[in-house]
Amino acid sequence: MKLLVYFLLLFGLGGCKSSRQLASQQEKPLPPPVLPQSLVQKQLDGVDFFAKGSVPASWTLEMDFGNIIRFKSIDGPDLNSSAVSPVAQAGNKTVAYTTNVTTGQMLVTVSEEGCTD
C-alpha cells in the first residue's frame with residue numbers, strides 16, 4: 001500500500017512539473033517571421049515601408065521615411081516625392097502622408113490591419 005502511495009506521489013509531482021514546463025513553453029513569444037529575400041534587399045536599400053496591390057492595376061509603393069516616396073503603377077505614371085511627416089487619423093490606427101507630385105497631390109493612407117483583396 002505504501003509503495004502505491006509513493007508511486008502516486010512521485011507520478012503526481014512529475015505531472016505537475018511537466019505542466020509547469022508546458023505552460024512556460026506556451027508563454028514564449030513566437031520568433032519573428034522570416035522575410036523573403038526581396039524584402040530583405042529592400043530593407044538593405046533603405047526602404048522602410050513596402051506595399052503592392054493589383055486593384056485597379058498592378059502597383060507598388062516604397063517609402064524611405066527620411067528620403068523619398070515612390071509609387072509605381074503598370075498603367076500610369078511613376079510618382080516620386082520627397083518624404084513628408086505622417087499625420088495620425090483620429091480614432092483609429094491609421095496615418096496619412098500627403099505630398100505634392102508633378103501631376104498634383106498624392107495621398108498615401110496606411111492602416112494597421114490585415115491584407116485584403
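**Notebook: Ser 81 and the four-stranded sheet**

I began with a side-chain pair: Ser 81 and Thr 99 are joined by a polar contact of 2.3 Å. The model is predicted, and I read the distance as a computed value.

I then looked up where Ser 81 sits. Ser 81 belongs to strand S4. I checked its exposure next: relative accessibility is 6%, and because buried means under 20%, Ser 81 counts as buried. Leaving out residues up to four places away in sequence, I listed what Ser 81 touches: Asn 67, Ile 68, Ile 69, Thr 99, Asn 100, Val 101 and Met 106.

From there I turned to the sheet. I found four strands in an open sheet, ordered S1-S2-S3-S4, with antiparallel pairing. Strand S1 (49-53) and strand S4 (79-82) are at the edges; each has a single partner strand, so one side of each lacks a neighbour in the sheet. Averaged over neighbouring strands and ignoring direction, I noted a turn of 5° of one strand against the next.

I followed one pairing in detail. Strand S2 (residues 59-64) pairs with strand S3 (residues 68-73) in the antiparallel sense, over six bridges. For Trp 59, I found the bridge partner in S3 to be Ser 73.

Last, I recorded the chain as a whole. I counted two helices and seven strands, running α-α-β-β-β-β-β-β-β from the N terminus. Of the 117 residues, 17% are buried. Among contacts with a separation of 6 or more, 10% are between residues 24 or more positions apart. The exposed area is about 9500 Å², with 59% of it from carbon and sulfur atoms.

How values were computed: Residues numbered from 1 in each chain as written. Predicted model: local features only at pLDDT ≥ 70, side-chain atom pairs only at ≥ 80, totals over all residues. Heavy atoms only, no water. Pairing = 2+ DSSP bridges. Axes fitted to C-alpha atoms, helices over the stretch in contact; angles between N-to-C directions. Buried < 20%, exposed > 50% of the residue type's maximum accessible area, 1.4 Å probe, protein only. Polar contact = N/O pair within 3.5 Å; in protein donor to acceptor, adjacent residues only side chain to side chain. Contact = heavy atoms within 4.5 Å. Areas by Shrake-Rupley, 256 points an atom, 1.4 Å probe, with all protein chains shown as cover.
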